[in-house]
Amino acid sequence: GLEKSVASVERALVEQAAVGIVGHEQGATLAAIVAARSALGEGPRIKFAVLCGAAMPPPPHAALLHRLRDDSAAGAVQT
């Protein structure tokens with residue numbers, strides 16, 4: 001399911017030392033979850049995400065994006 005997909009993508013980000021993620025349609029929804037977890041400090045750190053045609057993820061992941069929206073520190077760019 002979705003949890004296994006998120007874990008698989010996060011594992012690949014770490015193993016490949018990736019700095020960003022790109023997703024289209026269903027992949028964009030998955031990428032949005034991974035990027036939100038990264039921004040909130042709950043997943044591997046990435047520098048960018050490109051999302052094209054993402055739908056709002058199903059619960060409980062929709063709440064993750066709402067937390068990201070409401071967390072002013074999550075969107076801060078660190079240099």
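**Salt bridges, core and surface in a predicted model**

Student: Is Glu-10 buried or exposed, and what is its relative accessible area?

Tutor: Keep in mind that we're looking at a predicted model. The cut-off for calling a residue buried is under 20% relative accessible area. Glu-10 counts as buried, and its relative accessible area is 10%.

Student: Okay, which residue forms a salt bridge with Glu-10, with the closest N and O atoms 2.6 Å apart?

Tutor: Side chains of opposite charge can pair when their charged atoms come close. Here the closest N and O atoms are 2.6 Å apart, and the salt-bridge partner of Glu-10 is Arg-37.

Student: Where do the two ends of that pair sit, and how many residues apart are they?

Tutor: Glu-10 belongs to helix α1 (residues 2-15), while Arg-37 belongs to helix α2 (residues 26-39). The salt bridge therefore links distant parts of the chain, and Arg-37 itself is partly exposed at 21% relative accessible area. Along the sequence, the separation of the pair is 27 residues.

Student: What N to O distance goes with the salt bridge of Glu-42 and Arg-37?

Tutor: Glu-42 is partly exposed, with 33% relative accessibility. For a salt bridge, the nitrogen has to be within 4 Å of the carboxyl oxygen. The side chains of Glu-42 and Arg-37 meet with an N to O distance of 3.9 Å.

Student: And what is the N to O distance for the salt bridge of Glu-42 and Arg-67?

Tutor: Arg-67 is partly exposed too, with a relative accessible area of 41%. Its side chain meets that of Glu-42 in a salt bridge, and the N to O distance is 2.0 Å.

Student: Why does the pair of Glu-42 and Arg-67 tie together separate parts, and how many residues apart are they?

Tutor: Look at where each one lies: Glu-42 is in the loop between α2 and β2 (48-52), and Arg-67 is in helix α3 (residues 61-70). The salt bridge therefore spans a sequence gap of 25 residues.

Student: Which residues are linked in a network of salt bridges?

Tutor: Start from Arg-37, which pairs with Glu-10 and also with Glu-42. Then Glu-42 carries on to Arg-67. A search of the whole structure gives 4 salt bridges, and the residues linked in the network are Glu-10, Arg-37, Glu-42 and Arg-67.

Student: Let's go to the core. Which element gives the most to the largest nonpolar core, and with how many residues?

Tutor: In soluble globular proteins, nonpolar side chains tend to be buried together. The largest nonpolar core has 13 residues, and Val-6, Ile-21, Val-34, Ile-46 and Leu-64 have the most contacts inside it. Two or more residues come from each of α1 and α2. The top contributor is α2, with 6 residues.

Student: Leaving aside neighbours within four places in sequence, which residues is Val-6 in contact with?

Tutor: Val-6 is in helix α1 and counts as buried, with 4% relative accessibility. Val-34 has Val-6 among its own contacts, along with Val-9, Glu-10, Leu-13 and Ile-21. Seen from Val-6, the contacts beyond those neighbours are Leu-30, Ile-33, Val-34 and Arg-37.

Student: Which residue shares a polar contact of 2.9 Å with the side chain of His-61?

Tutor: His-61 lies in helix α3 and is buried, at 9% relative accessibility. Beyond four places in sequence, His-61 touches Leu-2, Glu-3 and Ile-33. The side chain that joins His-61 in the 2.9 Å polar contact is that of Glu-3.

Student: What about Ser-38: leaving aside neighbours within four places in sequence, what is it in contact with?

Tutor: Ser-38 sits in helix α2 and is buried, with 7% relative accessibility. Past those neighbours, the contacts of Ser-38 are Gly-43, Pro-44, Arg-45 and Ile-46.

Student: Last one, out on the surface: which residues make the nonpolar patch of about 350 Å²?

Tutor: Take Val-22 in strand β1 (residues 20-24). Exposed means over 50% relative accessible area, and Val-22 is exposed at 61%. Val-22 is one of the patch residues. The nonpolar surface patch is made by Val-19, Val-22, Phe-48 and Val-50.

Conventions: Residues numbered from 1 in each chain as written. Predicted model: local features only at pLDDT ≥ 70, side-chain atom pairs only at ≥ 80, totals over all residues. Heavy atoms only, no water. Patch = residues over 30% accessible without salt bridge, like charges linked within 9 Å, V, L, I, M, F, W, Y side chains within 5 Å. Areas by Shrake-Rupley, 256 points an atom, 1.4 Å probe, with all protein chains shown as cover. Helix = DSSP H or I, 4+ residues; strand = E, 2+ residues; numbered from the N terminus. Buried < 20%, exposed > 50% of the residue type's maximum accessible area, 1.4 Å probe, protein only. Polar contact = N/O pair within 3.5 Å; in protein donor to acceptor, adjacent residues only side chain to side chain. Contact = heavy atoms within 4.5 Å. Core = buried A, V, L, I, M, F, W, Y, C linked by side-chain atoms within 4.5 Å.
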